[in-house]
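Biologist: I would like to go through this structure term by term. For each label, please tell me what value it rests on and where the cut-off lies.

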Amino acid sequence: APQVADFVLQINRAERQSEEGHHAGALTAYLAAQDIYPVSRLCREGIEREADAVINIIRRDIVAE
């Protein structure tokens with residue numbers, strides 16, 4: 001039961017961070033959730049989405065320089 005609570009906590013944190021535009025924080029939370037439940041499709045999709053968002057931000061910053 002404690003792992004389920006921790007998993008839900010990390011997923012909620014990831015979703016909140018994503019909504020606030022904190023993609024690195026969201027990615028970190030999804031990775032933490034994946035450590036708890038490695039086969040989670042929700043984690044895998046969140047990791048892909050947030051990693052893409054972080055990469056796009058980095059690319060945009062590089063182009064702006």
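Modeller: Take accessibility to begin with: buried means under 20% relative accessible area, exposed means over 50%, and partly exposed is what falls in between. Keep in mind that this is a predicted model.

Biologist: Why is R49 called partly exposed?

Modeller: Its relative accessible area is 44%. That value falls between the limits of 20% and 50%, so R49 is partly exposed.

Biologist: What makes E50 count as buried?

Modeller: E50 has 1% relative accessibility. The limit for buried is under 20%, so E50 belongs in that class.

Biologist: How do you know that R49 and E50 meet in a salt bridge?

Modeller: The test is a side-chain nitrogen of Lys or Arg within 4 Å of a carboxyl oxygen of Asp or Glu. For R49 and E50 the N to O distance is 3.7 Å, so the pair passes. The partly exposed R49 is thus paired with the buried E50.

Biologist: How many salt bridges does this rule give?

Modeller: The count comes to 2. Besides R49 with E50, there is R41 with E45, whose closest N and O atoms are 3.1 Å apart. In general, side chains of opposite charge can pair when their charged atoms come close.

Biologist: Where do R41 and E45 lie?

Modeller: Both are in helix α3, 4 residues apart, which is about one turn of the helix. R41 has a relative accessible area of 52%, over the 50% limit, so R41 is exposed. E45, at 34%, falls between the two limits and is therefore partly exposed.

Biologist: What is the secondary structure of the chain as a whole?

Modeller: There are 3 helices and 0 strands, and the pattern along the sequence reads α-α-α. The C-alpha atoms fill a box of roughly 50 × 20 × 15 Å along the principal axes. Of the 65 residues, 25% are buried.

Biologist: Why are α2 and α3 called roughly antiparallel?

Modeller: Two packed helices are described by the angle between their axes and the distance between the axes. The axes of α2 (residues 23–36) and α3 (residues 41–64) come within 9 Å and cross at roughly 155 degrees. Angles over 145 degrees count as roughly antiparallel, so α2 and α3 get that label. Their crossing is left-handed.

Biologist: Which residues of α2 and α3 make the contact?

Modeller: On the α2 side they include A26, L27, Y30 and L31, and on the α3 side they include I47, R49, E50, V54 and I57. By class, this contact has 13 nonpolar, 3 polar and 2 charged residues. Both R49 and E50, the salt-bridge partners, are among the α3 residues in that contact.

Biologist: What makes α1 roughly antiparallel to α2?

Modeller: The axes of α1 (residues 2–19) and α2 come within 8 Å and cross at roughly 160 degrees. That angle is over 145 degrees, so α1 is roughly antiparallel to α2. The crossing of α1 and α2 is left-handed. Its contact residues include F7, Q10, I11 and A14 of α1 and A29, Y30, A33 and I36 of α2. Sorted by class, they come to 9 nonpolar, 6 polar and 3 charged.

Biologist: Why does Q10 count as buried?

Modeller: Q10 is at 14% relative accessibility, under the 20% limit, and therefore counts as buried. Q10 is found in helix α1. Leaving out residues up to four places away in sequence, Q10 touches A29, A32, A33 and I36.

Biologist: How far is R44 from Q10 in space?

Modeller: From C-alpha to C-alpha they are 13 Å apart, with their positions 34 residues apart in sequence. R44 is found in helix α3. At 40% relative accessibility R44 lies between the limits, so R44 counts as partly exposed.

Biologist: What separates the C-alpha atoms of I58 and L27?

Modeller: A distance of 15 Å, for residues 31 apart along the chain. I58 is found in helix α3, and its relative accessible area of 44% makes I58 partly exposed, because that value is over 20% and under 50%.

Biologist: Among contacts between residues at least 6 apart in sequence, what share joins residues at least 24 apart?

Modeller: That share is 42%.

Methods
Residues numbered from 1 in each chain as written. Predicted model: local features only at pLDDT ≥ 70, side-chain atom pairs only at ≥ 80, totals over all residues. Heavy atoms only, no water. Axes fitted to C-alpha atoms, helices over the stretch in contact; angles between N-to-C directions. Helix = DSSP H or I, 4+ residues; strand = E, 2+ residues; numbered from the N terminus. Parallel < 35°, antiparallel > 145°, perpendicular 65-115°, else oblique. Left-handed = near helix turned anticlockwise from the far one by under 90°. Contact = heavy atoms within 4.5 Å. Nonpolar A, V, L, I, M, F, W, Y, C, P; charged D, E, K, R; others polar. Buried < 20%, exposed > 50% of the residue type's maximum accessible area, 1.4 Å probe, protein only.
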